[in-house]
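Let's take a walk through this structure together, one region at a time. Have the sequence and the 3D view open as you read.

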Amino acid sequence: MLIDHHEIPQVDMDFMNEVHKEDVDIINNIFEHILKYDGSDESATAIDKLYKEWIEHTVIHFQNEEIKMQEMRFPPYLAHKGEHDRALQEMRNLFSHWQQKRDIQALKIYFIETLPAWLQTHISTMDTVTARFFATGQSPCGGGVC
Ligand SMILES: [Fe+2]
Ligand SMILES: [Fe+2]
């Protein structure tokens, strides 16, 4: 297992915790397939299928947070959305690199060195303050920060 559910902080919104749990399950499953990769077409296409599902899941994950941020006029909406866009682009770039080169090392490096730290940081900072705002109306902006 790459990411333990306990490493992911709970935020003040259940719909977000639910989707984060699904995300961790998908990531762990892809990582299992990365470790089992044997260079065959079958094992490459198994990774392709899961990775595509992960991108689709992430698009919905991010969109649902963004829709609610806009509905509730979350002041630092653009900062949070900007981080979603950047992360999604990184996932998509790696996927096209993988599809062109079948470079399993690049997948391993990203899944081990980049992804768990990013997810942990994103959820414990941006998602946490955003969920608190959704739940309580308490804005992280004060003293002209936003
Ligand atoms: Fe999230
Ligand atoms: Fe987010």
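A good place to start is the largest nonpolar core, which has 40 residues; those touching the most other members are Ile27, Tyr51, Trp54, Trp98, Leu107, Phe111 and Leu119. Keep in mind as you look around that this is a predicted model. Four helices each supply at least two residues of this core: H1 (14-36), H2 (41-71), H3 (77-101) and H4 (104-136). Helix H4 gives the largest share, with 12 residues.

To see how such packing looks from one side chain, click on Phe111. Not counting residues up to four places away in sequence, Phe111 touches Ile27, Ile30, Phe31 and Ile34, along with Tyr51 and Trp54, and also Leu2 and Pro116. Two of these partners, Ile27 and Tyr51, are themselves listed among the core residues that touch the most other members.

Now turn to the metal. Which residues coordinate the iron ion (ligand 1)? The donors are His20 and His61, each through NE2, Glu65 through OE and Asp127 through OD, at 1.9 to 2.2 Å. Along the chain, these donors follow the spacing H-x40-H-x3-E-x61-D. The 4 donor atoms make angles of 82 to 158°, and the site is irregular.

Two of the donors deserve a second look. His61 and Glu65 are about one helical turn apart, because 4 residues separate their positions in helix H2. Both His61 and Glu65 are buried. Glu65 also bridges the iron ion (ligand 1) and the iron ion (ligand 2), and these two ions lie 3.6 Å apart.

Definitions and conventions:
Residues are numbered from 1 along each chain as its sequence is written. Chains are lettered from A and ligands numbered from 1 in the order in which they are written. This is a predicted model: local features need pLDDT of at least 70, side-chain atom pairs count only at pLDDT 80 or more; totals for chains, interfaces and linings use all residues. Side-chain values use heavy atoms; hydrogens and water are left out. A nonpolar core is a set of buried Ala, Val, Leu, Ile, Met, Phe, Trp, Tyr and Cys residues joined through side-chain atoms within 4.5 Å. Buried means under 20% relative accessible area, exposed over 50%, partly exposed in between (1.4 Å probe, protein chains only). Contact means heavy atoms within 4.5 Å. Donors are N, O and S atoms within 2.8 Å of the metal (3.2 Å for Na, K and Ca); water is not among the atoms, so sites may look incomplete. Four donors count as tetrahedral if all angles lie between 85 and 135 degrees; four count as square planar and six as octahedral if opposite donors are over 155 degrees apart and all others between 65 and 115; anything else is irregular.
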